[in-house]
Amino acid sequence: MPNSEQQAPGGSDSFDVIVIGGGPAGYPAAIRAAQNQLRVACIDEWKNRDGSATFGGTCLNAGCIPSKALLESTELYHRAREEFATHGIGVAGVTLDLAQMQKRKAGVVKAMTGGILALFKSAGVIPLQGHGKLLAGRRVQFSAHDGTRRELTARHVVLASGSTPIELRSAPFQAPQVVDSWGALEFDAVPKRLGVIGAGVIGLELGSVWRRLGSEVTVLEALPDFLAIADQQLAKEALRHLKRQGLDIRLGAKVTGATVGGGAVEVVYADAKGEQRVTVDRLVVAVGRKPFTRELLAADTGVELDERGFIKVDHSCRTGAESVWAVGDCVRGPMLAHKGKEEGVMVADLIAGRYGEVNYKVIPSVIYTAPEIAWVGLTEEQVKASGRAYKTGTFPFLASGRARAMEQAAGFAKIIAARDDDEILGVHIVGPMAGELIAEAVLAMEYSASTEDLQRTIHAHPTLAEAVHEAALNADKRAIDSINR
Ligand SMILES: Cc1cc2nc3c(=O)[nH]c(=O)nc-3n(C[C@H](O)[C@H](O)[C@H](O)COP(=O)(O)OP(=O)(O)OC[C@H]3O[C@@H](n4cnc5c(N)ncnc54)[C@H](O)[C@@H]3O)c2cc1C
């Protein structure tokens, strides 16, 4: 965007709110603040690999959206090859055009990131593309991509600078062989052998993408338990399906070194049996992300970082500096786009003197593998540890007419509820469209619903959502469409 377009109308450099960072935490904060009749600028420095500057941050440019675009394409490819015949559809010569697949992905990303500028225009947010640095007294130094620099002032500043991938000392990034998640979304050829360090959300999604296209995928996970943060009944079921798809998931495998040579990478890791080696053509390091605050804060702003580099905030995302707020991946809590969005909206409402709150107990998590994995609330292990008496209800998708019709009957829905007052404490789903199904559970928990509330709610037939209904019924051993155990 030319710098002239970045001038605030009237040339004034003072704002009610300046948001630094235009990812899924920052851009909603800017839009909501503008909806609240405040004068708002949103600064973002993101540049894509082709040098284009865009809004949307990690999520839209290098995370949620491109990964889901590739997951969708590769799932279709896989199903055309492996499942269509079961439906009685003969397709001869299914071929892969990876360049077209990547082009479609880039088109999806472009449409979504371009959409943010349209949303800004409609809401009246002033987009500023370049670097923002908070100075003392809520002044912000803005350095545009063209090198011009000016000082802005604001009544409130929202920091939404996001996160970056963690690099392993034992396997430093070394493109094109050793890459981060963004690199793994950009491969222009299917690696014959792909190594993934980290069996978390990102590692499993990226491993699935390339496995479906034919890579031999080895996933190395340092922890002994698969998806340790998830309900372990759910994790066990997911692991079974992912292994069946050919993902070679090795648990308790701690990577100690990676050597690039001859176009391949030799990865050394230690497991219970001692030192092991695996050679791959590409290695993706997906061991997590760390808060990004480089050149964000002058020394005297009063904003503090914690020992892990997160910006310190209270429950309402206030930093220690007056009228400076921070939201999204750069603050504590799960690194999820929707968590950041809700924080951004909350802060923009609080700034405007309105009510705003984030219910941190009810944040859904979704892993977009096949089957999808989704949950909200407490795991059975957490409820057990709390000492509260509880009951569980499950429903297998094998008993769902819709799942059978879709030929996607893997997995189950599980509900955990309190024995005393029947309140739903957690919902865990592994199965088709679990990421969509979990929305009902989130709503139910947001309203402190009981399993009886769900039991008495009509669910259309035949739908996948009936699995949640039947799991709620099964919690009281009153399921109709499955055997109550
Ligand atoms: C491969 C992958 C898949 C993912 N999939 C999902 C998913 O399916 N669902 C989900 O919820 N989450 C997913 N995530 C996580 C999600 O992307 C993040 O939680 C989310 O992007 C965080 O939003 P944010 O706005 O806090 O930060 P970011 O999206 O990182 O945005 C921060 C922005 O601020 C800019 N910025 C930083 N500092 C400055 C500065 N000083 N001046 C100007 N601009 C600055 C950055 O350039 C960036 O554009 C995924 C992540 C990855 C890597």
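## Helix 6, its neighbours, and Arg32

Helix 3 passes helix 6 in a left-handed crossing. Keep in mind that this is a predicted model.

**Exercise 1.** Work out the angle and axis distance at which helix 3 and helix 6 pack, and which residues make the contact.

*Solution.* Start with the geometry: helix 3 (residues 64–82) and helix 6 (residues 201–212) pack at about 35 degrees, their axes 9 Å apart. Next, pick out the residues. Helix 3 brings in Ser67, Lys68, Leu70, Leu71, Thr74, Glu75, Tyr77 and His78, while helix 6 offers Glu205, Ser208, Val209 and Arg212. Now sort them by type: four are nonpolar, four polar and four charged.

**Exercise 2.** Find the edge strands of the open five-stranded sheet, then place helix 6 on it.

*Solution.* Write down the order first: 7-14-8-9-10, with parallel pairing. Strand 7 (178–179) and strand 10 (248–250) each have a single partner strand, so one side of each lacks a neighbour in the sheet. Then zoom in on strand 9 (residues 216–220), which is joined to strand 10 by three bridges; Val219 sits opposite Ile249 of strand 10. Finally, add helix 6: it packs on the sheet and touches strands 8 (193–197), 9, 10 and 14 (282–285). The direction of helix 6 makes about 165 degrees with that of strand 9.

**Exercise 3.** Decide whether Arg32 is buried, partly exposed or exposed, and find its partners.

*Solution.* Locate Arg32 in helix 1 (residues 26–35). Its relative accessibility is 26%, so Arg32 counts as partly exposed, since buried would need under 20% and exposed over 50%. Skipping neighbours within four places in sequence, Arg32 contacts Val345, Ala348 and Asp349. Last step: the side chains of Arg32 and Asp349 make a polar contact at 2.8 Å.

Conventions: Residues numbered from 1 in each chain as written. Predicted model: local features only at pLDDT ≥ 70, side-chain atom pairs only at ≥ 80, totals over all residues. Heavy atoms only, no water. Axes fitted to C-alpha atoms, helices over the stretch in contact; angles between N-to-C directions. Helix = DSSP H or I, 4+ residues; strand = E, 2+ residues; numbered from the N terminus. Left-handed = near helix turned anticlockwise from the far one by under 90°. Contact = heavy atoms within 4.5 Å. Nonpolar A, V, L, I, M, F, W, Y, C, P; charged D, E, K, R; others polar. Buried < 20%, exposed > 50% of the residue type's maximum accessible area, 1.4 Å probe, protein only. Polar contact = N/O pair within 3.5 Å; in protein donor to acceptor, adjacent residues only side chain to side chain. Pairing = 2+ DSSP bridges.
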